[in-house]
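Biologist: I'm new to this one, so could you take me through a single part of it slowly? Pick out one helix and tell me how it sits among its neighbours.

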Amino acid sequence: MIFQLDPHDIRFPDPALAEPDGLLAVGGDLTAARLLEAYKQGIFPWYNDDTPILWYSPHERFVLFPDELKIGKSMRRIIRSAHFDVTYDRAFTEVIAACASQPRTGQDGTWITKDMQEAYISLHALGYAHAVEVWSGTKLVGGLYGVAIGHVFCGESMFSSEANASKVALASLCQTGSHKLIDCQVYTDHLASLGARMIPRWQYMEYVTKSLH
């Protein structure tokens, strides 16, 4: 069943009622209050410019436990080298814009619409959305952004304009020690190769709930 959200009520239906593909609801808005309410219930927006706002809560969640990150020897050498510099929350707006413009195989356009960018920039200003930036000299060459719900980092997107830059961003995020779980939302071969795996929604929500207390 797909629910129509009340524009004046930020509450969501029970995520367990989502469709098999995870689609739960349609409509609403991207205010900070609604977005935070969504993340606390394991729900996230995912839509295109030509669709209304769609809200998903997959029955299985694709996640990465930081201590399960798989980094090969060559990648370890790159991380230890002085080739890249890593910063946090120094260029959030630039990272989300780069993620939106990153070409992706099998995708025409981007789901990171202008409205989405503005919404997450607002969350960043409130201290909930964060970015990891990877630099080569003074040039931003990679990074990722997402929303922190307690000790769970809900990853939204990453980009790389230079080989291995996004891997450096992810490795740096895992090494901060601030997150017990990184939510990757939906399966990709790339993240699976780095150690991400599926867990049931109930287990994911246990981490979220504990993170909030």
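Biologist: Let's make it H4: which residue follows H4, and is its phi positive or negative?

Modeller: That's Gly 127, and its phi is positive, near 95°. Before we go on, keep in mind that this is a predicted model, where local features need pLDDT of at least 70 and side-chain atom pairs count only at pLDDT 80 or more, while totals for chains, interfaces and linings use all residues. Residues are numbered from 1 along each chain as its sequence is written, and side-chain values use heavy atoms, with hydrogens and water left out.

Back to the helix. Helices are DSSP runs of H or I with at least four residues, strands are runs of E with at least two, and both are numbered from the N terminus. H4 has twelve residues, 114-125, and at 1.5 Å a residue it should span 16 Å; the expected span is 1.5 Å times one less than the number of residues. The C-alpha atoms at its ends are 17 Å apart, which agrees.

Now for its two sides. Met 116, Gln 117, Ala 119, Tyr 120 and Leu 123 are the buried residues of H4 (buried is under 20% relative accessible area, exposed over 50%, partly exposed in between, with a 1.4 Å probe and protein chains only). Looking down the axis of H4, you'd find these buried residues within an arc of 165°, so they line one face of the helix; the arc is taken from the directions from the helix axis to the C-beta atoms. As a rule of thumb, an α-helix has 3.6 residues a turn, so residues three or four places apart point the same way. Over on the other side of H4 are the exposed Lys 114, Glu 118 and Ala 125.

What does the buried face touch? Its residues pack against helices H1 (32-40) and H3 (92-101), and against strands S3 (44-45), S7 (129-136), S8 (139-149) and S9 (152-160), with contact meaning heavy atoms within 4.5 Å.

One residue of H4 is worth a second look. Tyr 120, along with Trp 55, Tyr 145 and Tyr 204, has the most contacts inside the largest nonpolar core, a set of 49 residues. Helix H3 gives the largest share of this core, six residues. Another core, of 24 residues, lies apart from it and includes Val 141 and Met 158. A nonpolar core here is a set of buried Ala, Val, Leu, Ile, Met, Phe, Trp, Tyr and Cys residues joined through side-chain atoms within 4.5 Å.

Let's follow one neighbour, strand S3. It belongs to an open sheet of four strands, ordered S1-S2-S4-S3, with mixed pairing (two strands pair if DSSP finds at least two bridges between them). S1 (3-5) and S3 stand at the edges with a single partner strand each, so one side of each has no neighbour in the sheet. S1 and S2 (residues 23-27) run parallel, joined by three bridges, and Phe 3 stands opposite Ala 25 in S2.

S3 also brings in aromatic rings. Rings of Phe, Tyr and Trp (its six-membered ring) pair if their centres lie within 6.5 Å, with planes under 30 degrees apart called stacked, over 60 edge-to-face and the rest tilted. The whole structure has seven such pairs. Phe 44 and Tyr 56 make a stacked one, at 6.4 Å centre to centre and 20° between the planes. Phe 44 sits in S3 and Tyr 56 in strand S4 (residues 54-56), twelve residues apart. Both Phe 44 and Tyr 56 are buried, and ring pairs link them with Trp 46 into a cluster.
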